[in-house]
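Me: Could you walk me through this structure, one question at a time? I'd like the reasoning along with each result.

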Amino acid sequence: MNQWMTVAITFAIGGVVFVAGWFARRIVDRSKVMSAEELAEKIVREAQREAETQKKAAILEAKDEWYKAKAKFEDETQQTRSEIEKRERQMEKREGNLGRKVEFIEKKESELDQKETEVKASESALTERSEKLSHLIDEQNERLERIAGMNRDDAKKLLIKNMESEARLEAARMVKDIRDDARRQGDKEAKEILTLAIQRCAADHVVESTVSVVNLPNDEMKGRIIGREGRNIRAFETATGIDVIVDDTPEAVILSGFDPVRREVARIALEKLISDGRIHPGRIEEVVEKVAKELDQQIIEFGEEASLDVGIHDLKPEMIKLLGRLRYRTSYGQNVLQHSKEVAFLCGLMASELGFDVTVARRAGLLHDIGKAVDHSMEGTHAGLGAELARRYGEDDIVVNAIESHHEDVEPQSLIAVLVQAGDAVSGARPGARRETLETYIKRLEKLESIAGSFQGVEKSFAIQAGREIRIVVQHKKIDDARAESLASAVARKIEAELKYPGQIKVVVLRETRAVDYAK
């Protein structure tokens, strides 16, 4: 009995332990499930936060891209708007030029109508005179037959002879009148064309100096430029080919050289060295070489810009570079490149009024002083050198002749060459276009008065109006009124032969007779 009780108790205890273990296992499994669910929820929350962060970053990045695209679009829109405004201004300018041309044409048509009316009136008068002449001839024939007893054939011969003589005289008078009228009309039309061209080409003039001055921050910089025992200044002069003048001028040095391009290289290089502060022979050579390369590219850009400004698009690269070098060349203080562009515009305007080839006229005007780009390094006049360069690089014979003849070294062979002469004279003679140094100016005035004083009968001479006019006082007993006119012409011709000057010089001869008496 006890044994079965023991077995029953053992089984009961075992069942309790089994049940307790089963419940404990359920609790442990439920705890693991809850931990896994919490971990999963945590991972989901972190994934959501990360996704939200990435979403915000993506939104910010998209906004940044949008703002950049907006700014780019606004810049492009502004550039397009500027280009449109520029084209509108050009169109307004062209419309103004077209309006002036229309007015000029209308004026010409009015003058032609007036001339046509005058011609019709002249034809009517000639018809009337012809009828009167026929009537007089008939009367003369009858009178000659009665008085001279001539037959009709003899009288006809005499009349024909008389009429032939009279007709020759009348024809000569008419030819003279026609020539005088044509000369007056030609001078008038030439002046109108020149005036219109000058008005339509209102270019600004910038007077430039041929001496380059470099400003210094202080006078101590002069010592650094010179260097120990002059090694820096010698290296600079050797590298640039330009003389550096260090004198008593405060805070400045002067660069002197015949080649304007080298002088510009020296000026820019010296300014960079001063700004950098490192001045020694090695650095000098490095900076000068770098500046020379940069200036070569800039010269090409200047040449291309000038050719595009005047509408010439097919110049050889060598000619474009020579054209750009004129940017650093001056003549009487006038920039030669600016002068060449103005002559090109003037020639084009005059050619359009006369019905010539505008492109060829502008090309000849633009290249007429191309020889000045090399005249400092080659022998010969700039006109001859320019013609040789143009011929070498395949320019048209008309352009070559226009370059060669614009200072009358050779005869002009086309009307384009004459237009280049006129454009060159107009550009150089316009007020403010050119200037002279004081020494050259004084020498020219003295030479002007010396030429006038070299003629017999001249008492005094005065150069006035800055050398634009010479007034000559003559002895009235030696020079009469007729000789005064011939003296003015002779002085003008001698001035043309012996002097070079911009524009023209007016010669005025003054002759005075005084009667003096005293009352006592």
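**Strand pairing, helix packing and confidence**

Reply: Happy to! This is a predicted model. Strand S6 (residues 458-464) and strand S7 (residues 469-474) are joined by six bridges and run antiparallel.

Me: Which residue in S7 is the bridge partner of Val458?

Reply: S6 and S7 run antiparallel. Within S7, the residue bridged to Val458 is Val474.

Me: Do S7 and S8 run parallel or antiparallel?

Reply: Strand S8 covers residues 506-510, and five bridges join S7 to S8. One pairing links Ile472 to its partner in S8, Val509. The direction of S7 and S8 is parallel.

Me: How are H9 and H11 oriented to each other?

Reply: Helix H9 spans residues 358-367 and helix H11 residues 397-405; their axes come within 9 Å and cross at roughly 40 degrees. Angles under 35 degrees would count as roughly parallel, and roughly perpendicular begins at 65. The two helices, H9 and H11, are therefore oblique.

Me: How many charged residues are in the contact of H9 with H11?

Reply: H9 contributes Val360, Arg363, Ala364 and Leu367, while H11 contributes Ile398, Val399, Ala402 and Ile403. By class, seven of the contact residues are nonpolar and none is polar, and the number of charged residues is one.

Me: Over which residues is the pLDDT below 50?

Reply: For the protein chain, the mean pLDDT is 78, and 80% of the residues reach 70 or more. The stretch with pLDDT below 50 has 23 contacts in the model beyond near neighbours in sequence. That stretch is residues 202-209.

Terms used: Residues numbered from 1 in each chain as written. Predicted model: local features only at pLDDT ≥ 70, side-chain atom pairs only at ≥ 80, totals over all residues. Heavy atoms only, no water. Axes fitted to C-alpha atoms, helices over the stretch in contact; angles between N-to-C directions. Helix = DSSP H or I, 4+ residues; strand = E, 2+ residues; numbered from the N terminus. Parallel < 35°, antiparallel > 145°, perpendicular 65-115°, else oblique. Contact = heavy atoms within 4.5 Å. Nonpolar A, V, L, I, M, F, W, Y, C, P; charged D, E, K, R; others polar. Pairing = 2+ DSSP bridges. pLDDT = per-residue confidence, 0-100.
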